[in-house]
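Please open the model in your viewer and keep the selection tool at hand, so that each stop can be picked out as the tour reaches it.

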Amino acid sequence: MRPTIYDIAERAEVSIATVSKVINNKGKIGEKTKQRVLAIMDELDYQPSTVASALTGKQTNTIGLLVPDIANSFFAELARSVEDTGHAGGFNVVICNTDNNPEKEIQYLWWLNQKRVDGIILGTGIQNTKALQDFMKQNIPLALVARDASEINVDTVLVDDYRGGYAATKHLLEAGHTRIAFVVGEMNNSSDTERLKGFYEAYDEHGVSREKAVLVKDNHSIDDAKKSMLETLRSTPDITAVFALNDFLAIGCIQAGKEAGRRVPEDLSVVGFDDTFIATLSDPPLTTVAQPILEMGRLVTQMLVDRIGGKNETTRTVILNPELHVRKTTAGIKEAERDVTSS
């Protein structure tokens, strides 16, 4: 049977209140008494209950992190940054994978509430805004990362998705591509919609009709992107370039191009978004819009920890700039035509 605070108090011949002061390092207590209590705790291998601490109004030093898909390398790298920053600040991190499922999102929020976490980072766009607003009545500190939600007032860390979408599309348009496929998910969060706005803005500024663009929706995995892009290349064979919502989807598009007999980048240029580790492992290496993932995780975690500690009075929104990294999956139309002619 696990030892309790009562066992420690009895062995040390002190009150429960004294043991509590030692555990929480609060209140006046003699050094000899403190060391005796600590020695007995060590002898009995006593571990304070975080749940019991929460029930008495104390912190559990635990943060919850909701992500839509931990298999996506962006969220895996983000989770690592959150965990590293949280650990450095004395917090444990519980990661919840929602699978882009609105019901799981809300279920996890209430589960984390039951576990008495000190705060929650949302890396997933909560689709049920009414349920989220109801949850906020629990007064648990929340922070958003890589997602925006104008209907709630919380600390937020974002990348400028609009600028990233614009930069990727501008790169392709200036290379001579006009028939570009934009491969996305369900368009149900701010990241998707802002990148689409940037995509179309680049078309407008270059005087190219938006009707030239092809929107390919409902993609959540490499296989999804591969299947949908194969169908799109067959139905719309004059597509010469692809802008994918993230690096995972971009990899699926490269696979689709190869299966359809399209060389990358000679016959099909591909641009991703995120610049995760798979971008450099891709064959050929992927041109992509880089997000400062580690910095995003560090900032949002520190903002939440400050909020938990009562250091922040007003909410903050930090918007970081993305950067286009040009590698080997994009080429100009003229260059591509010259390569085809000489082959």
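The tour below moves through this predicted model one selection at a time.

**First stop: a helix and its two faces**

Select residues 31-43, which form helix H3. At 1.5 Å a residue its 13 residues should span 18 Å, and because its end C-alpha atoms are 18 Å apart, the expectation and the model agree. Now show the side chains of Val37, Ile40 and Met41, which are buried; viewed down the axis of H3, the buried residues fall within an arc of 105°, so they line one face of the helix. In an α-helix there are 3.6 residues a turn, so residues three or four places apart point the same way. Turn to the face of H3 that looks away from its buried side, and you will find the exposed residues Lys32, Asp42 and Glu43. Following H3 comes Asp45, with a positive phi near 55°.

**Second stop: a parallel pair and its crossover**

Select residues 62-67 and 92-97, strands S1 and S2, which pair in the parallel sense over six bridges. Within this pairing, Leu65 has Ile95 in S2 as its bridge partner. Add residues 73-88 to the selection, since the chain crosses from S1 to S2 through helix H5, in a β-α-β crossover that is right-handed.

**Third stop: a loop residue**

Which residues does Gln138 touch, leaving aside those up to four places away in sequence? Select Gln138 in the loop between helix H7 (129-135) and strand S4 (142-145), and display Trp110 and Asn113, which are its contacts. Gln138 counts as partly exposed because its relative accessibility is 36%. For a sense of distance, select Ile70 as well: it lies 68 residues from Gln138 along the chain, and the two C-alpha atoms are separated by 27 Å.

**Last stop: a six-stranded sheet**

Finally, display the open sheet of six strands, whose order is S7-S6-S8-S9-S10-S12 and whose pairing is mixed. Strand S7 (214-216) and strand S12 (323-325) stand at the edges with a single partner strand each, so one side of each is left without a neighbour in the sheet. Neighbouring strands of this sheet are turned by 20° against each other on average, direction ignored. Within the sheet, select residues 269-274 and 287-290, strands S9 and S10, which run parallel and are joined by four bridges; Gly272 has Thr288 in S10 as its bridge partner. Then add residues 247-259, helix H11, which packs on the sheet and touches S6, S8, S9 and S10, its direction making about 160° with that of S9.

Technical notes: Residues numbered from 1 in each chain as written. Predicted model: local features only at pLDDT ≥ 70, side-chain atom pairs only at ≥ 80, totals over all residues. Heavy atoms only, no water. Helix = DSSP H or I, 4+ residues; strand = E, 2+ residues; numbered from the N terminus. Expected span 1.5 Å × (residues − 1). Buried < 20%, exposed > 50% of the residue type's maximum accessible area, 1.4 Å probe, protein only. Arc of directions from axis to C-beta. Pairing = 2+ DSSP bridges. Axes fitted to C-alpha atoms, helices over the stretch in contact; angles between N-to-C directions. Contact = heavy atoms within 4.5 Å. Right-handed = clockwise from strand over helix to strand, strands pointing away.
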